Amino acid sequence: RLLTVTDSLFQGQIQKGQSSDFLHVYTAESIFAECEAVTEKILELAQNGVRYRDIGIVCCNLAAYKNPIHTVLGRGGIPLYLSGTENVLGKNVIYAILQSIEVALDGSYQKGVLRYMKSVLSPISIEQSDIVEQYAVLWSISGNKWTSKWANHPRGLEDDWSRHDEKRLEELNTAREKLITPLERLRDGFRDAIAVKQQVLALYAFFDEIQLYSKIKALAEQMEQTGAFRNA
């Protein structure tokens, strides 16, 4: 149905009245007013049997229209899928992947490991992350200390060791190994690689070990349930 528009897209301005049966242009004193007008039109079309999936909204500035259109369409109960240009490096999964590579290549410094540990790709639970972070900050864990078995008291400068303290230290070392071991293998894979192919395979093995696919799938399902369809 958009053939008339596409045929004229690069051939000057669309003539008044052309494609008026399915192309509607709105302008108002504010972005919210424009979004409200668009919402009314969509509801009218839906009442006449048009499917939401067959209706498209085009704007010149996604950043300016994103929040207003979400709000106004949401009030009308209209589902929305946004498509536009965004910086993919700012996405949680991509950022976490880059963070893991940085940690593996530049050394296991404290802040980098903790950022990776708190990311969506973390191989340990939130509860485990909390106790690992407390211990890492308490004993200034960085560099090779991440790869060595921890032996210091989990409560700090204490001489008295209870059974609970010993169990907590065991839990800490289990979480540390689960967190660091995949990063160590990724580091070794990059170090031993003699070509880009080997680096890619090392990265793929890392993704497989941390179960990246299942984590992204679960994250997407959670986003869909909350209505964040574009991010999903």
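# A guided tour of an all-helical model

The protein has nine helices and zero strands. The model is a predicted one. With the whole chain displayed, follow the elements from the N terminus: they run α-α-α-α-α-α-α-α-α. Colouring by accessibility gives a first overview, since buried residues make up 30% of the 232 residues. The accessible surface comes to about 15600 Å², and carbon and sulfur atoms hold 52% of that area. Among contacts with a separation of 6 or more, 49% are between residues 24 or more positions apart.

**First stop: helix α2**

Select residues 31-47. This is helix α2, with 17 residues, and its first and last C-alpha atoms lie 24 Å apart, close to the 24 Å expected at 1.5 Å a residue. Now show the side chains of A33, E34, C35, V38, T39, K41 and I42, which are the buried residues of α2. An α-helix has 3.6 residues a turn, so residues three or four places apart point the same way. Add residues 62-75 to the selection: this is α3, against which the buried residues of α2 pack. Just after α2, select G49, whose phi is positive at about 100 degrees.

**Second stop: the cysteines C35 and C59**

Remain on α2 and centre on C35. Which cysteine sulfur is nearest to C35? It is that of C59, 8.1 Å away, and C35 is in no disulfide. Because a disulfide requires two cysteine sulfur atoms within 2.5 Å, this pair at 8.1 Å does not qualify. The count of disulfides in the protein comes to zero. The surroundings of the two residues may also be compared: C35 is buried, with a relative accessible area of 1%, whereas C59 is partly exposed, at 32%.

**Third stop: the nonpolar cores**

Select L121, V132, W146, W150, L179 and F206. These residues have the most contacts inside the largest nonpolar core, which has 35 residues. The elements giving two or more residues to this core are α4 (92-106), α5 (110-117), α6 (126-138), α7 (163-192), α8 (196-209) and α9 (212-225). Of these, α7 gives the most, with eight residues. In soluble globular proteins, nonpolar side chains tend to be buried together.

Next, centre on V132 within this core. Leaving out residues up to four places away in sequence, V132 touches M117, I124, W146, W150, L172 and A175. Apart from the largest core lies another, of 10 residues, which includes I42, V72, L73 and L82. I42 was already met among the buried residues of α2.

**Fourth stop: S100 in helix α4**

Select S100, which is found in helix α4. Is S100 buried or exposed? It counts as buried, at 0% relative accessibility. Its side chain reaches the backbone oxygen of I97 at 2.6 Å. Beyond its neighbours within four places in sequence, S100 is in contact with Y116, L183, L186 and F206. F206 is also one of the residues with the most contacts inside the largest core.

**Last stop: two loop residues with positive phi**

Move to the loop between α6 and α7 and select S140. Its phi is near 50 degrees, a positive value in a residue other than glycine. S140 counts as partly exposed, at 45% relative accessibility.

Then go to the loop between α8 and α9, where Q211 has its place. Phi of Q211 is near 55 degrees, again positive in a residue other than glycine. At 52% relative accessibility, Q211 counts as exposed.

Terms used: Residues numbered from 1 in each chain as written. Predicted model: local features only at pLDDT ≥ 70, side-chain atom pairs only at ≥ 80, totals over all residues. Heavy atoms only, no water. Helix = DSSP H or I, 4+ residues; strand = E, 2+ residues; numbered from the N terminus. Expected span 1.5 Å × (residues − 1). Buried < 20%, exposed > 50% of the residue type's maximum accessible area, 1.4 Å probe, protein only. Contact = heavy atoms within 4.5 Å. Core = buried A, V, L, I, M, F, W, Y, C linked by side-chain atoms within 4.5 Å. Areas by Shrake-Rupley, 256 points an atom, 1.4 Å probe, with all protein chains shown as cover. Polar contact = N/O pair within 3.5 Å; in protein donor to acceptor, adjacent residues only side chain to side chain.
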